[in-house]
Amino acid sequence: MQENLALQTNRLINYNEALKRMGGDALFLSELINDYITDFDHYYSNIKVAVEENDFPEISVIGHTLKGSSEMLSLISLSLISAQMEIAGIDKNISSAEKLLSELKNEFKNLMYFLQKVKLVQLN
Amino acid sequence: MINLLIAEDDRVTKKIIEKTMKECGYNVFCAADGEEAYRILENNNIQIAILDWMLPGIEGIELSRRIRSDKEKNYTYIILLTAKKNQADMIDGFSAGVDDYITKPFNTHDLKARIKTGERIIELQSQLIESQNRLREQATHDGLTKLLNRNAILEIIEVEYARALRNEIPMGMIMIDIDHFKRINDTYGHQTGDDILQEVALRLKNGIRPYDSIGRYGGEEFLIVLPNCSMNEIYKVAERLRLQISGEKFRTRTKLINASISMGVLVAQYPFDKPLDSLINVIDKALYEAKGNGRNCWVSVMPSDNNNIGGENAGKFSFANKQVN
């Protein structure tokens, strides 16, 4: 499963790159991806509240944090959206933040679908 | 084992670093925010710190400034971890005192290699501290007896004298000389003489109060300073020291030898308007008075004489105790 997955580099995840970053420890990478999925709900809820309340510093901080963990796991599209979210917070651009919030949710769903398909995470 | 702190609020990144550092054999502490990280830094000897720039509470860069402002603590090698990638941020990081700067996403092999550099710096720093301590020890202590040397004990006396003046409290001094030490050296040899010196030093050190200081003043002379010490108290100390030396024979490399000491005892009472040199001169004379009185005894300068030391009463020592073997 992991060998097939390693060959698949798409806009969602560069698995090969992430695996190399973890020193080739596929089990550990899988554990980290599961942690990321668990934490994402928390980050998403907080950033949603921040967007609703026009709390730009919070939008920027959560965007920055999410960007960091997404990049560590080579979650390409999510790290790009998070980086844009950080900028939207800095620029105090609420319409951009609202648009990105929706993109974040959709892209996370796409990631989950992909990861379940390749059996990297278990279906709930 | 090296103590290493990871200050990172993102669970994924923290877990990656923690696993990597544990594999390297470090004793790892973790903090999820700046306040927690600061508490860990305050209460533990953290040698390497990996700090995320953007932490809740105190940011990593501010933690770095705080670490660097505390000059008392051992050196902490700081690696700043951040997703900030521009040159200005990097310059800010180094200006705050960080040693290395790693941008996210990082590779665990890269992190390990950089940590090794930190380890080398920490190792060099401990060697430097060790060397400084050894030099300080050599500069302030007598090599044979391991007591403070003449300069060091005189410096302490100066400090205590100033403190006694400031706080209007008495200060005691005892000058000690080993009786017939030349005869011991001539009869049994200098190595045996050294054995006696070492054992006398040990017994004297064990006989003083924890907050008193003792130093080797000359060949077989010792000087003790007793801060905030009354006359009654110094008499007890002097008598205890005398008994500790004469009460038990000295086991040397040649044979069991009897030894004794003579002492000059003085308590300077506030207000003491005489310079420290005069006090040392007077106590020296009291010591020779004790020698003249048959040795293995102590002679004190009475408090009433203190204001006149060095003057016409300088020779009026009171014979306080005498005990001959």
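## Questions on a predicted two-chain model

Chain B of this predicted model has 10 helices and 13 strands.

Q: Is chain B spread out or compact, going by its radius of gyration?
A: For 325 residues the globule rule gives 20 Å. The radius of gyration of chain B is well over that value, so the chain is more spread out than a compact globule. The radius of gyration itself is 29 Å.

Q: What box do the C-alpha atoms of chain B fill?
A: Let's stay with chain B and take the box along its principal axes. The C-alpha atoms then fill roughly 85 × 50 × 25 Å.

Q: What percentage of the residues in chain B is buried?
A: A residue counts as buried under 20% relative accessible area. Of the 325 residues in chain B, the share that is buried comes to 50%.

Q: How many Å apart are the end C-alpha atoms of helix α3 of chain A?
A: This helix runs over residues 26-52, which is 27 residues. At 1.5 Å a residue it should span 39 Å. The distance between its end C-alpha atoms agrees with that, at 38 Å.

Q: On which residue is the kink in α3(A) centred?
A: Along α3(A) there is a kink of about 30°. Its centre is D39(A).

Q: Which residue has a side-chain oxygen that reaches a backbone nitrogen at the start of α3(A)?
A: Here the backbone nitrogen belongs to L27(A). A side-chain oxygen comes to within 3.4 Å of this nitrogen, and the residue that supplies the oxygen is D25(A). For the other side of the helix, α3(A) is followed by a residue with a positive phi, near 55°, namely N54(A).

Q: Why are Y36(A) and F40(A) separated by about one helical turn?
A: The two rings form a tilted aromatic pair, 6.1 Å centre to centre with 40° between the planes. Y36(A) is buried at 2% relative accessible area, and F40(A) is buried as well, at 3%. They are about one helical turn from each other because, within helix α3 of chain A, they are 4 residues apart.

Q: Which residues do ring pairs link into a cluster with Y36(A) and F40(A)?
A: Over all chains there are 5 aromatic pairs. Ring pairs join Y36(A) and F40(A) into a cluster with Y44(A) and F108(A).

Q: Over which ring does the charged end of K19(B) sit?
A: A similar question can be put for R203(B), whose charged end sits over the ring of F250(B), 3.7 Å from its centre. For K19(B), the charged end lies 4.5 Å from the centre of a ring in chain A, and that ring belongs to F28(A).

Key:
Residues are numbered from 1 along each chain as its sequence is written. Chains are lettered from A and ligands numbered from 1 in the order in which they are written. This is a predicted model: local features need pLDDT of at least 70, side-chain atom pairs count only at pLDDT 80 or more; totals for chains, interfaces and linings use all residues. Side-chain values use heavy atoms; hydrogens and water are left out. Helices (H or I, at least four residues) and strands (E, at least two) are DSSP runs, numbered from the N terminus. The expected span of a helix is 1.5 Å times one less than its number of residues. The bend at a residue is the angle between axes fitted to the seven residues ending there and the seven starting there. A polar contact is a pair of N or O atoms within 3.5 Å; within protein, one must be able to donate a hydrogen and the other to accept it, and residues adjacent in sequence count only if both atoms are side-chain atoms. Rings of Phe, Tyr and Trp (its six-membered ring) pair if their centres lie within 6.5 Å; planes under 30 degrees apart count as stacked, over 60 as edge-to-face and the rest as tilted. Buried means under 20% relative accessible area, exposed over 50%, partly exposed in between (1.4 Å probe, protein chains only). A charge sits over a ring if NZ of Lys or CZ of Arg is within 6 Å of the ring centre and within 35 degrees of the ring normal. The radius of gyration is taken over C-alpha atoms; the globule rule is 2.2 Å times the number of residues to the power 0.38.
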